[in-house]
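Welcome, and please open your viewer with the cartoon and side chains ready to switch on. We will go from stop to stop, selecting a few residues each time.

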Amino acid sequence: MKNKIHVKKGDTVIVLSGKDKNKKGKVIRTFPGNSMVLVEGVNMVKKHVRPRPPMQQEGIINQEAPIHSSKVMLICSKCGKPSKTKITVYENGAKDRACKKCGEVIDSIRGPKK
């Protein structure tokens with residue numbers, strides 16, 4: 001069963017707790033199965049990579065590791081503040097995701113039912 005995550009790929013988020021607290025970044029990927037998100041420039045870890053065929057970096061590289069989705073909060077594109085989101089459902093079945101602070105629609109989740 002997939003868990004619901006309040007952020008999507010491409011959203012700008014701020015980290016609420018942990019070693020990267022107050023860092024901002026873009027969501028690269030979501031992992032709904034275990035409620036994790038991969039955020040650009042956050043939770044950097046070192047990975048040891050063996051030499052492979054040409055055109056691949058070897059040695060010790062830095063890369064992002066997933067963090068739990070409860071540790072991030074969406075930043076509204078209009079007001080620029082961290083905010084919770086609300087889902088507005090219309091009569092025709094369309095759903096929008098909106099900022100709870102300013103009421104601005106962030107994006108459309110699902111179009112009208114056919």
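In which strand is Ile-109 found? Select it and look at the backbone around it: Ile-109 belongs to strand β10. Bear in mind throughout that this is a predicted model.

**Stop 1: Ile-109 and its surroundings**

Keep Ile-109 selected and show its surface. Is this residue buried, exposed or partly exposed? Its relative accessible area is 38%, so Ile-109 is partly exposed. Now display the contacts, leaving out residues up to four places away in sequence: Ile-109 touches Ile-87, Lys-95, Asp-96 and Arg-97. For a sense of distance, add Glu-40 to the selection. Glu-40 and Ile-109 are 69 residues apart in sequence, and their C-alpha atoms are 23 Å apart in space.

**Stop 2: the three-stranded sheet**

Next, colour β8, β9 and β10. In what order do these strands lie? They form an open sheet with the order β8-β9-β10 and antiparallel pairing. The edges are taken by β8 and β10, and each has a single partner strand, so one side of each is left without a neighbour in the sheet. Turn the view and follow the strand directions: on average, neighbouring strands here are turned by 30° against each other, direction ignored.

Now go through the pairings one at a time. Strand β8 covers residues 85-89 and is joined to β9 by five bridges. Select Ile-87 and look across to β9, where Arg-97 stands opposite. On the other pairing, four bridges join β9 to β10, which spans residues 105-110. Two pairs are worth picking here: Asp-96 has Ser-108 in β10 as its bridge partner, and Lys-95 has Arg-110 in β10. As background, strands of a sheet pair through backbone hydrogen bonds, either parallel or antiparallel.

Stay on β9, residues 95-99, and switch on a surface. This strand is mostly covered, with four of its five residues buried.

**Stop 3: two hairpins**

Follow the chain from β8 to β9. Five residues lie between the strands of this hairpin, and Gly-93 there has a positive phi near 95°. Continue to the hairpin of β9 and β10, which also has five residues between its strands. In that hairpin, select Gly-103, whose phi is positive and near 80°.

**Stop 4: the largest pocket**

Show pockets if your viewer can do so. How much space lies in the largest pocket? About 420 Å³. Its lining has 16 residues, and the closest to its centre are Lys-4, Ile-5, His-6, Ile-87 and Ile-109. You have already met Ile-109 in β10. The strands of the sheet from Stop 2 take part as well: β8, β9 and β10 each supply at least two lining residues.

**Stop 5: Ser-83**

Select Ser-83, in the loop between β7 and β8. Is this serine buried or exposed? With 5% relative accessibility, Ser-83 counts as buried. Draw a distance from its side chain to the backbone of Lys-100: a polar atom of the Ser-83 side chain lies 3.4 Å from the backbone nitrogen of Lys-100. Setting aside neighbours within four places in sequence, Ser-83 is in contact with Met-73, Leu-74, Cys-99, Lys-100 and Lys-101.

**Stop 6: the five-stranded sheet**

Now colour another set of strands. An open sheet of five strands runs in the order β6-β3-β2-β1-β7, with antiparallel pairing. Its edge strands are β6 (67-68) and β7 (72-74), each pairing on one side only. Zoom in on β3, residues 36-39, which pairs with β6 over two bridges. To see one partner pair, select Val-37 and Ile-67 of β6.

**Stop 7: two asparagines**

Finish in the loops. Most residues other than glycine have a negative phi, and most peptide bonds are trans. Which sign does phi take at Asn-22? It is positive, near 70°. Asn-22 sits in the loop between β1 (12-15) and β2 (24-31), and it counts as exposed because its relative accessibility is 55%.

Move on to Asn-43, in the loop between β3 and β4 (44-49). Its phi is also positive, near 55°. At 15% relative accessibility, however, Asn-43 counts as buried.

Definitions and conventions: Residues are numbered from 1 along each chain as its sequence is written. Side-chain values use heavy atoms; hydrogens and water are left out. Two strands pair if DSSP finds at least two bridges between them. Buried means under 20% relative accessible area, exposed over 50%, partly exposed in between (1.4 Å probe, protein chains only). A polar contact is a pair of N or O atoms within 3.5 Å; within protein, one must be able to donate a hydrogen and the other to accept it, and residues adjacent in sequence count only if both atoms are side-chain atoms. Contact means heavy atoms within 4.5 Å. Axes are lines fitted to C-alpha atoms, for helices over the stretch in contact, and angles run from 0 to 180 degrees between N-to-C directions. On a 1 Å grid over the protein atoms alone, a cavity is a set of points where a 1.4 Å probe fits but cannot get out, and a pocket is an open set with protein on both sides within 12 Å along at least five of seven lines; lining residues have an atom within 4 Å of a point. Grid points are joined across faces, edges and corners, and a volume is the space filled by probe spheres set on the points.
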